Amino acid sequence: MRMTERELYLTRTADEVRNLQKMYARNAHARDFSPQSERVRFQVAERIETLLASVTVEEQVEYEIW
């Protein structure tokens with residue numbers, strides 16, 4: 001079965017959110033609390049928020065995007 005454009009977007013979004021969450025966790029546990037690390041965490045958190053805002057709650061649940 002072929003995926004629709006939206007299904008493909010949701011699958012990619014779920015993957016990206018998971019990868020960003022891992023990046024955020026690695027950065028948050030690092031001993032480096034420099035302004036640069038703080039900026040990276042802020043940018044990652046903003047990107048996750050943007051991605052979550054682009055999908056409905058139902059899609060978040062169905063594709064496990066959280």
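**Close-ups of a three-helix chain**

**Figure 1. The whole chain, end to end.** This protein chain has 3 helices and 0 strands, and reading from the N terminus its elements go α-α-α. Keep in mind that you are looking at a predicted model. The mean pLDDT of the chain is 90, with 95% of its residues at 70 or more. Helix α2 (residues 35-53) has the lowest confidence, a mean of 91, while α3 has the highest, at 95. As for overall form, the C-alpha atoms fill a box of roughly 45 × 20 × 15 Å along the principal axes. The radius of gyration is 14 Å, whereas a compact globule of 66 residues would come in near 11 Å. Of the 66 residues, 24% count as buried. The accessible surface adds up to about 5,200 Å², and 55% of that belongs to carbon and sulfur atoms. Among contacts with a separation of 6 or more, 64% are between residues 24 or more positions apart.

**Figure 2. Arg18 and Asp15, a pair within helix α1.** First, a bit of background: side chains of opposite charge can pair when their charged atoms come close. By the rule used here, the count of salt bridges is 4. One of them joins the side chains of Arg18 and Asp15, at 3.1 Å from N to O. Both residues sit in helix α1 (residues 5-29), 3 residues apart, which is about one turn of the helix. Arg18 is partly exposed, because its relative accessibility is 35%. Asp15 is partly exposed too, at 37%.

**Figure 3. Arg47 and Glu16, a pair between two helices.** Here Arg47 makes a salt bridge with Glu16, and their closest N and O atoms are 3.0 Å apart. Arg47 belongs to helix α2 and Glu16 to helix α1, so this pair ties together parts that lie 31 residues apart in sequence. Arg47 has 34% relative accessibility, so it counts as partly exposed. Glu16 gets the label partly exposed as well, at 28%.

**Figure 4. Along helix α2, from Glu38 to Thr50.** Glu38 forms a salt bridge with Arg41, with 3.6 Å between the closest N and O atoms. The two are 3 residues apart in helix α2, so about one helical turn separates them. Is Arg41 buried or exposed? Arg41 counts as buried, because its relative accessibility is 11% and the cut-off for buried is under 20%. Now look further along the helix to Thr50, also found in α2. Thr50 is partly exposed, with a relative accessible area of 45%. Its C-alpha atom is 18 Å from that of Glu38, with their positions 12 residues apart along the chain.

**Figure 5. Glu59 and Glu64, around the end of the chain.** Glu59 is in helix α3, while Glu64 is in the segment after α3. Glu59 has a relative accessible area of 15%, so it is buried. Which residues does Glu59 touch, leaving aside those up to four places away in sequence? They are Arg6, Leu10, Glu64 and Ile65. With that sequence limit, Glu64 touches Arg18 and Glu59. Glu64 and Arg26 are 38 residues apart in sequence, and their C-alpha atoms are 21 Å apart in space.

**Figure 6. A nonpolar patch with Trp66.** Val57, Val61 and Trp66 form a nonpolar patch on the surface, and together they have about 350 Å² of accessible area. Trp66 is placed in the segment after α3 (57-62). Why does Trp66 count as exposed? Its relative accessibility is 56%, and exposed means over 50%.

Notes
Residues numbered from 1 in each chain as written. Predicted model: local features only at pLDDT ≥ 70, side-chain atom pairs only at ≥ 80, totals over all residues. Heavy atoms only, no water. Patch = residues over 30% accessible without salt bridge, like charges linked within 9 Å, V, L, I, M, F, W, Y side chains within 5 Å. Areas by Shrake-Rupley, 256 points an atom, 1.4 Å probe, with all protein chains shown as cover. Helix = DSSP H or I, 4+ residues; strand = E, 2+ residues; numbered from the N terminus. Buried < 20%, exposed > 50% of the residue type's maximum accessible area, 1.4 Å probe, protein only. Rg over C-alpha atoms; globule rule 2.2 N^0.38 Å. Contact = heavy atoms within 4.5 Å. pLDDT = per-residue confidence, 0-100.
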